[in-house]
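The following exercises concern the protein chain displayed below. Please work through each task before reading its solution.

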Amino acid sequence: MAIDISQFSEMFFEETEELLADLERLLLTVDIDAPDIEDINGIFRIAHSIKGGAATFGFSDLIEITHVLESMLDKIRHGEDVFTADHQEVLLQSRDVLKMQLDGLRYNSPVDVDKAVDIKAVLLSMIDKQALEPAPQVLKAEVNLVPEVQEISKFSKQFIIELPEVSARDLESLIEELSLLGDLTHKQEEGKCVILDLATDEGVDDILALCSFVLDPNLVKVVEKSAGQPTQVVEPPKAAPTISDDDDSFGFFDDPEPVVEKPVVVAQAEPIPVPTPPIPPVAAKKPAPKVEAAAVNTDATSIRVSVEKVDQLINLVGELVITHAMILKRAEGMDDVLYETLLNGITQLGQNSRDLQETAMSMRMMPIDVVFSRFPRMVRELATKLGKQINLVTQGNNIELDKGLIERIIDPLTHLVRNSIDHGIETTDIRLQKGKSELGRLTLSATHQGGHVLIEVSDDGAGLNRERILKKAQSEGIAIRDGMTDDEVWQLIFAPGFSTAETVTDLSGRGVGMDVVKRNINSLGGVVNIKSVVGVGTVTSVSLPLTLAIMDGMSVKIGEETYILPLNYVLESFQPSEANLKEINGTSSLIFVRDRYLPIIPLHEVFDIEARHKEPTSGILVVIASDDKRAALLVDELVGQQQIVVKNIESNFRKINNISGATIMGDGKVSLIIDVSDLLNSQYTRIPL
Amino acid sequence: MITVLAVDDSRSLRQMVVFSLKSAGYQVVEAEDGVDGLEQAQKQVFDVVLTDQNMPRMDGLTLIENLRALPAYMKTPILMLTTEAGDEMKAKGRAAGATGWLVKPFDPERLIAVVNKVANKS
């Protein structure tokens, strides 16, 4: 029977990925001056586990480095070497190489072989090469490690036969005779005694009778095995490859004999000694003090499901919600009394499908820690490079976000953290001059806020310099005016091409990016804000929706078409009066709302469809806002608000201007979702002067 | 059906052990470290125990010592799955009360063969 071990590879990859993340976390938290032995053990165990798995599943690349790491760490954990910052650094580098190798194996991503060779050389130089045992070889599936295949014993009884000293000729004939009774194995010879294993259906008497042909049956000891444990004989394993005894990859100890022996016949005068197992010490050596380890326990009660399956489920549940809405619409106007049970059933169905939807959505949620855990390493490295001392604190690591959002928030957040380290927190000298603690503080936090998650990156650095930002904006040709509020000034940072860093570093780049950060966050339906006080610090907050798959929408009608506006962009809607309208160049219209002129975007023009109302005064204006931009959309009619399940168009068709997706309405018709940021950045908001 | 307790902190290795032994007709329960293994062993009496050595919270040797102290496990075959099988480790295993050892990496067939051997003995 061949078992294909490649089927376990994916699990090994996932596990190794997690182990490498743990490794990094441990390495970054370990106290160099007084490393906790539990931390060192943990680090050792990770190297050990990866090596063991890699050897089993046949990934020899990963063995090379983990093997040397293991040797190095083993010495440290046994007190033969002292853990230093050098170890920490080289371990971190090794982790990166292992990650690269792992990704190479898993995703066929490029692997820099030189890097692996280099790090191995460094590692080897750190340990006594003589002490290094040869690395284990990977298993090769095609090699048959089972030298002989024997039929499993079909006999009901197992005996151990102990013979006194006999001549070789007698033994041979005895073995020949006994073989006729069943399966006989010549087990071992202890001194002059011969011990045979016999599996047979015959009884003790038969064995003794046979032996009596050759020798005195009173000198033969026959012991039946496992008679008291019938369950273990009832169902023998199906496949029974055997193993040769000269193989040293496994073995059995003899003295703590685990075999349950039941003496059946004692043909000797003295009693047979019944083997007694040693009484082992009771207490565990280690009390298992680490708290983190307890969290691992959840693993046993969770299963791994592919994201595709979850998405499929969410999609189907979405359809169910829509189907319910359709039934509900059909049932409108039905007689309450006549159809009471049916209508109650529909209500119940609605409740259940919403609960189901919520549960399905929660399956896509991941803790934000997945993102946060990337930062300790980055902060450490940047801080070291820049000669700053930074203490990173993360809060709300358990707050959950949709997987899709998690993946897409990493880059913007990385940028914000880099900015804080590079431009925010001052160097140690300057901090001391300013009377601040030399240890800068950088906090990453996540909190729930209504239907949103608020992620904040805050530092106790220099804060934003209002004058410098204004000066820079002016020189870059970005529009500024007198009496701008601080908030308005901070928003200038998000303008394309803006940078105030006097020295361009390779860390935060050249100031390009904050506009990209903002755009990326906006595309996730999020908002980014800055609060800053000179000399005290800066807080950049990112507010994100919990999920991208469901949103609250306002449905609006233009002619025969229904469009969805994401509700979080909608400020207000009203029917304008003639007096508040202003025409520019005879083509574009502006509307005066709350002390501000807003461009009017006629949606029927944008989508090139027939509308009932082409004049603002007869239609309805919906004010939308994103970032600092606002506009009024001209529509025929407001239909209502509802939760919608977002369906991606791009993945099935292509990107359509001003449309972010589609949804299926209660009546089964498809409605397009308007891309508000797209629209606000379109030509319709540019006023020809 | 013969029941086996498989203790290993590596999920993938555990998965392989479980799959292999199940395909050979054993019933297998998993545990992720010594502490978990000891708990499982107290909930249900297993016919065979396989344990990794290096695990968080409680290592294999300690688990074996603890199991041997339980009346139900005084004679149960307990195998150590270990990457090192030097004399020192063997001596430790023997002292703790292990029945035998199997060196990692091993392939599924070998695991089955070794388990068959101890299961049939008992």
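**Exercise 1. Describe the sheet that contains β8 of chain A, and the helices packed on it.**

Step 1. The strand order is β8-β10-β11-β13-β12 in chain A, an open sheet of five strands with mixed pairing. Strands here are DSSP runs of E of at least two residues, helices are runs of H or I of at least four residues, and both are numbered from the N terminus. Two strands pair if DSSP finds at least two bridges between them.

Step 2. β8 (389–395) and β12 (527–533) of chain A each have a single partner strand and stand at the edges, so one side of each lacks a neighbour in the sheet. From one strand to the next, the twist averages 15°. Axes are lines fitted to C-alpha atoms, for helices over the stretch in contact, and angles between N-to-C directions run from 0 to 180 degrees.

Step 3. β11 (residues 452–459) and β13 (residues 537–545) of chain A run antiparallel and are joined by eight bridges. A:V457 has A:T540 in β13(A) as its bridge partner.

Step 4. Helix α13 (residues 375–386) of chain A packs on the sheet, where it touches β8 and β10 (439–449) of chain A, and its direction makes about 165° with that of β8(A). Helix α14 (residues 403–424) of chain A also packs on the sheet. The strands touched by α14 are β8, β10, β11 and β13 of chain A, and its direction makes about 20° with that of β11(A). Contact requires C-beta atoms, placed from the backbone, within 7 Å.

The model is predicted: local features need pLDDT of at least 70 and side-chain atom pairs count only at pLDDT 80 or more, while totals for chains, interfaces and linings use all residues. Residues are numbered from 1 along each chain as its sequence is written, and chains are lettered from A and ligands numbered from 1 in the order in which they are written.

**Exercise 2. Determine which residues of helix α18 of chain A are buried, and where they lie around the axis.**

Step 1. In α18 (residues 514–523) of chain A, the buried residues are A:M514, A:V517, A:K518 and A:I521. A residue is buried if 20 or more other C-beta atoms lie within 10 Å of its own, exposed if 12 or fewer, and partly exposed in between.

Step 2. These residues cover an arc of only 95° around the axis, which puts them on the same side of α18(A). The arc is that of the directions from the helix axis to the C-beta atoms.

Step 3. The buried residues of α18(A) pack against α14, β12 and β13 of chain A. A:G525, with a positive phi near 80°, follows α18(A).

**Exercise 3. Establish the surroundings of A:P566.**

Step 1. A:P566 is found in strand β15 (residues 561–566) of chain A. This strand belongs to an open sheet of five strands with the order β22-β14-β15-β24-β23 (chain A) and mixed pairing.

Step 2. With 23 other C-beta atoms within 10 Å, A:P566 is buried.

Step 3. Not counting residues up to four places away in sequence, A:P566 touches A:G525, A:M551, A:G553, A:I673 and A:V676. The C-alpha atoms of A:P566 and A:Q642 are separated by 10.0 Å, although the two residues are 76 residues apart along the chain.

Technical notes:
Two residues are in contact if their C-beta atoms, placed from the backbone, lie within 7 Å.
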